[in-house]
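Me: I should like to learn how the terms used for a protein model are justified. Please set each value against its definition.

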Amino acid sequence: MNPLSMDRGDLALVLAIRDQGSLAGAAATLDVVPSVITKRLGALEARLGQRLFERTTRRLSVTAEGEAVCLHARALLDGFAALESELGERQNELTGTVRLAATFGFGRRWLGPALAAFQARHPALQIELLLTEQLPDLGAEGYDGAVWLWAVQQRRAADWISRRIARNQRVLAASPAYLKRRGTPGTVEALASHDCLVARENGDASQRQYALWTLRHVRDGSTARVRVQGPLASNSGEMVRDWCVAGHGVMLRSLWDIAPQLASGELVRVLPQYAMTEADIHWIAPWRPKTPRRVRLLVDHLVEQFRGEPWKPGKADAR
C-alpha cells in the first residue's frame with residue numbers, strides 16, 4: 001500500500017472524530033470500542049507522517065493537516081455514496097407509472113413515438129399521456145410533468161422546475177398558390193393587408209392576443225409587431241395548417257408542425273428573416289425533493305431524441 005494512501009474508512013474516521021470532538025464520541029458513532037479508534041487513528045497518522053489531531057487528557061483539537069483532510073473528506077464520501085446509488089439504480093429495472101401531459105399537435109406527431117420507444121426499452125414501465133391544450137394543475141392532479149411550449153414563468157420558478165428539451169421557432173408560411181394570387185409580403189407591416197390565419201389554442205377564447213404577432217429578426221434580434229386579420233380562425237392548429245396548404249392565407253406555425261410541408265414545397269417560408277423565437281419545447285414539473293429515476297431517465301431520453309431538432313429543414317421525414 002502507498003504509505004500516503006487513504007481509504008474510505010479513513011475519511012469516515014477523521015470526520016467522525018472531528019464532528020464528535022472526542023475519540024469516545026467517534027467510537028459511538030462508528031459503533032466500535034474506543035481502543036479501536038485510538039489504534040486506527042495512530043496507524044493513519046503514522047502512515048501519513050502527519051498529526052491530524054492534538055489530544056490531551058482534557059481536550060482534542062484538529063490540526064491544520066486534519067482540517068485539510070476534513071475539507072475534502074465530506075465531498076469524497078458523498079461522491080462514493082452517489083456513485084453506489086447510481087450503480088444500484090442501473091441494476092434495477094424501471095417500474096411504476098409516469099403520467100405526463102402534452103399539447104395535441106406535438107404530442108401526437110413527435111412525443112408519442114419517442115415515448116413508445118422508451119417504453120419498449122423498459123417493458124415493465126407504464127406511461128400515461130394526456131393530450132390537451134390546457135395545462136393541467138400538474139401537482140394537484142398527480143402528473144409527473146408536462147412537455148409544453150413554454151418555460152416556467154418567473155413567478156412560479158420556486159414551485160416548478162423546467163428543462164428545455166429542444167429549440168423551436170414559429171415561422172411564417174403560405175402556399176405558393178396564395179403568394180401567386182396575393183403577392184409575397186416584403187415587410188412585417190405588409191402582413192396587416194394579407195389574409196392571415198389565426199390559431200386560437202390553449203383554451204383561450206379571446207382572439208386578440210393571437211392576432212398580435214410579435215416577430216424577431218433572426219440575425220440582429222430586433223422585434224416587430226403587427227396586428228393581423230383574416231376571414232378564417234380556429235382553435236385547431238391542424239385546421240389552420242390545412243387552410244394554409246389549401247391557399248387561404250398566411251399563418252404563423254411551429255417548425256416541428258410544418259416541416260414536411262416546407263420540405264415538399266406545399267408551403268414556403270414568408271419573411272424567412274423573421275420568426276417567433278419564444279416557442280422552445282420544455283419539460284415542466286412541480287418541484288419535488290427527489291425526482292423518481294424513471295422520470296429522470298425519460299426526460300434524458302426526450303432531450304437526446306430531440307437534440308438535433310429533427311423537424312429542421314432537411315431532417316424532418318414526411319410524416
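The questions and replies below take up helices, sheets and single residues in turn.

Me: What kind of model is this, and how are its residues numbered?

Reply: This is a predicted model, in which local features need pLDDT of at least 70 and side-chain atom pairs count only at pLDDT 80 or more, while totals for chains, interfaces and linings use all residues. Residues are numbered from 1 along each chain as its sequence is written, and side-chain values use heavy atoms, with hydrogens and water left out.

Me: How many helices and strands are there, and what makes a stretch count as one or the other?

Reply: The protein has 9 helices and 15 strands. Both are DSSP runs numbered from the N terminus: helices are runs of H or I with at least four residues, and strands are runs of E with at least two.

Me: Why are H1 and H2 called oblique to each other?

Reply: The axes of helix H1 (residues 8-20) and helix H2 (residues 23-30) cross at roughly 125° and come within 8 Å. Axes are lines fitted to C-alpha atoms, for helices over the stretch in contact, and angles run from 0 to 180 degrees between N-to-C directions. Angles under 35 degrees count as roughly parallel, over 145 as roughly antiparallel, 65 to 115 as roughly perpendicular, and the rest as oblique. H1 and H2 are therefore oblique to each other.

Me: Which residues of H1 and H2 meet, and what is their character?

Reply: From H1, Leu13, Ala16, Ile17 and Gln20 meet Leu23, Gly25, Ala26, Thr29 and Leu30 of H2; contact means heavy atoms within 4.5 Å. The residues of this contact of H1 with H2 comprise 6 nonpolar, 3 polar and no charged. Ala, Val, Leu, Ile, Met, Phe, Trp, Tyr, Cys and Pro count as nonpolar, Asp, Glu, Lys and Arg as charged, and the others, Gly among them, as polar.

Me: How do H5 and H9 cross, and what makes the pair oblique?

Reply: Helix H5 (residues 104-121) and helix H9 (residues 293-306) have axes that come within 10 Å and cross at roughly 125°. That angle makes H5 oblique to H9. The contact includes Trp110 and Phe118 of H5, and Leu298 and His301 of H9. Its residues divide into 11 nonpolar, 2 polar and 2 charged.

Me: Why do E10 and E14 stand at the edges of their sheet?

Reply: The open sheet has 3 strands in the order E10-E9-E14, with antiparallel pairing. Strand E10 (223-227) and strand E14 (274-275) each have a single partner strand, so one side of each is left without a neighbour in the sheet.

Me: How do you know that E9 and E14 pair?

Reply: Two strands pair if DSSP finds at least two bridges between them. Strand E9 (residues 212-217) and E14 are joined by 2 bridges in the antiparallel sense, and so they meet the definition. The bridge partner of His217 in E14 is Tyr274.

Me: Which strands stand at the edges of the sheet of 5 strands, and why?

Reply: This open sheet has the order E11-E8-E12-E7-E13 and mixed pairing. Strand E11 (233-234) and strand E13 (268-269) are its edges, because each has a single partner strand. Strand E8 (residues 196-199) pairs with E11 in the parallel sense over 2 bridges, and Ala199 stands opposite Ser234 in E11. Helix H8 (residues 255-264) lies across strand E7 (170-174), strand E12 (250-254) and E13, running at about 120° to E12.

Me: Is Ile17 buried or exposed, and what is in contact with Ile17?

Reply: Buried means under 20% relative accessible area, exposed over 50%, and partly exposed in between (1.4 Å probe, protein chains only). Ile17 has 0% relative accessibility, so Ile17 counts as buried. Leaving aside neighbours within four places in sequence, Ile17 is in contact with residues including Ile37, Leu41 and Phe53. In the protein, buried residues make up 41% of the 319 residues.

Me: Why do Asp31 and Leu271 count as exposed or buried, and what is the phi of each?

Reply: Asp31, in the loop between H2 and helix H3 (34-48), has 70% relative accessibility and therefore counts as exposed. Leu271, in the loop between E13 and E14, has 5% and therefore counts as buried. Phi is near 60° for Asp31 and about 45° for Leu271. Most residues other than glycine have a negative phi.
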